[in-house]
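Here's a quick walk through one model, with an eye on rings, charges, cysteines and surface. Have a look at the structure first, then read on.

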Amino acid sequence: MKPFRKNVAIAIDGGGIRGLIVTQALSILEKALEKPVHDIFRLVVGTSTGSVISAGIATGITANRMTQMYIDMGKSIFPNTLRKMLFPLTRYRYPVKPLSNALNNQFGKLKMGEFWEKNPRTDLVITAFDLEENRTKFIKPWKVEYEDWLVSKAVQASCAVPTYFPAVDRRYIDGGLGSYGNPCYVAAYEAKECLNWDPTDTTLISIGTGRSPYTFNAETAPRLWAWNWIGRIFGVYMQSAYDQQVHLVETYFNELDFRRFQINLREPIEMDDVHQIEHLVAYGARLGRMILNDKTDSSQGIIIKHPGYF
């Protein structure tokens with residue numbers, strides 16, 4: 001693996017229980033570098049499950065411990081209950097209390113502004129979509145409006161996937177519903193424009209939670225009914241948006257040492273599929289080796305401003 005530069009940032013995608021892929025990969029990085037992830041990254045950015053991991057990094061939780069947290073708490077956060085079986089007759093699939101309790105147990109009364117008071121400072125950026133203002137919010141420790149927010153509240157807001165959990169404060173939902181399911185562009189902008197990091201002295205690591213396999217092609221598409229398209233279109237939209245953020249970073253922050261890591265899943269794994277724990281850990285181990293070998297994602301290298309791209 002190429003050495004990191006002076007300033008190191010990480011951006012982590014959303015993906016529910018598939019965040020286990022990321023924590024396992026980061027635990028391998030920790031072992032290789034012989035230091036916890038908190039000592040590696042001074043800027044951490046996350047969406048949805050990525051916000052859980054990013055907040056964990058910022059508070060000093062090791063990746064190995066976060067892996068065990070995902071394994072231990074997955075089934076309590078995504079339980080098989082009557083509510084889930086009756087969905088969509090209910091407003092959301094899962095009770096929010098297990099998630100809320102888990103976040104409160106990990107982050108307690110810690111406030112966002114406290115990250116900015118510690119030495120060294122850690123900039124934690126969490127995305128959440130505000131239904132009242134109809135735009136994505138970027139919750140940061142150095143912004144006065146968010147300094148008194150509980151970290152647990154910010155993370156829960158970013159994780160409030162519609163149909164899965166209720167909105168926080170009746171207005172904040174999953175940060176990945178906008179353009180920032182992959183928040184690498186947010187991280188690049190934060191590093192250069194807000195923290196004034198010199199791009200030539202900065203490494204940005206972007207980690208995905210697994211790319212699902214395509215479930216249709218030119219042969220099957222003509223035979224699909226309207227209801228067959230719904231899930232497939234959503235998946236294509238999300239993956240395209242994730243890749244777009246990679247292209248934006250490469251185009252407008254090309255002096256960064258930018259490394260995007262993603263792994264292709266052999267089978268679709270839903271964000272609440274807690275029966276795939278062993279597979280997710282195995283995928284994480286593979287992704288960790290990809291990080292150590294600098295085997296970046298195939299979506300890198302496509303510059304959107306290049307003539308003829310469109």
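Which residues do ring pairs link into a cluster? The answer is Phe-78, Tyr-94, Tyr-164 and Phe-165. Before going further, some housekeeping. This is a predicted model, so local features need pLDDT of at least 70 and side-chain atom pairs count only at pLDDT 80 or more, while totals for chains, interfaces and linings use all residues. Residues are numbered from 1 along each chain as its sequence is written, and side-chain values use heavy atoms, with hydrogens and water left out.

**Rings**

Searching the whole structure turns up 8 aromatic pairs. Rings of Phe, Tyr and Trp (its six-membered ring) pair if their centres lie within 6.5 Å; planes under 30 degrees apart are stacked, over 60 edge-to-face, and the rest tilted. Here are two of the pairs:

| Pair | Centre to centre | Angle between planes | Type |
|---|---|---|---|
| Phe-78 and Tyr-94 | 5.3 Å | 75 degrees | edge-to-face |
| Tyr-185 and Phe-253 | 5.6 Å | 65 degrees | edge-to-face |

The Phe-78 and Tyr-94 pair links distant parts of the chain, 16 residues apart: Phe-78 is in the loop between helix H3 (63–77) and helix H4 (82–86), and Tyr-94 is in the loop between H4 and helix H5 (97–107). Helices (H or I, at least four residues) and strands (E, at least two) are DSSP runs, numbered from the N terminus. Phe-78 is buried at 7% relative accessible area, and Tyr-94 is buried at 0%. For these labels, buried means under 20% relative accessible area, exposed over 50%, and partly exposed in between (1.4 Å probe, protein chains only).

The other pair has Tyr-185 in helix H8 (residues 184–194) and Phe-253 in the loop between helix H9 (226–252) and strand E7 (257–261), so parts 68 residues apart in sequence get tied together. Tyr-185 counts as partly exposed at 22% relative accessibility, whereas Phe-253 counts as buried at 7%.

**Charges over rings**

Tyr-164, a member of the ring cluster, also has Arg-93 lying over its face, 4.3 Å from the ring centre. Over at Trp-149, the charged end of Lys-153 sits over the ring, 4.2 Å from its centre. The test asks for NZ of Lys or CZ of Arg within 6 Å of the ring centre and within 35 degrees of the ring normal.

**Covered and uncovered**

Helix H2 (residues 49–59) is mostly covered, with 10 of its 11 residues buried. Among them are Val-52, Ile-53 and Ile-57. Right after H2 comes Gly-60, with a positive phi near 95 degrees.

Helix H4 holds Met-85, which counts as exposed at 64% relative accessibility. Together with Leu-82, Leu-86 and Leu-89, Met-85 makes a nonpolar surface patch of about 490 Å². Lys-97 in helix H5 is exposed too, at 58% relative accessible area. The C-alpha atoms of Lys-97 and Glu-34 are 36 Å apart, with their places 63 residues apart along the chain.

**Cysteines**

How many disulfides does the structure hold? It's 0, taking a disulfide as a pair of cysteine sulfur atoms within 2.5 Å. For Cys-159, the closest cysteine sulfur is in Cys-184, 19 Å away and too far for a bond. For Cys-184, the closest is in Cys-194, at 15 Å, again too far for a bond. Cys-159 counts as buried at 8% relative accessibility, and Cys-184 is buried at 0%.

Note on methods: Patch = residues over 30% accessible without salt bridge, like charges linked within 9 Å, V, L, I, M, F, W, Y side chains within 5 Å. Areas by Shrake-Rupley, 256 points an atom, 1.4 Å probe, with all protein chains shown as cover. Salt bridge = Lys/Arg side-chain N within 4 Å of Asp/Glu carboxyl O.
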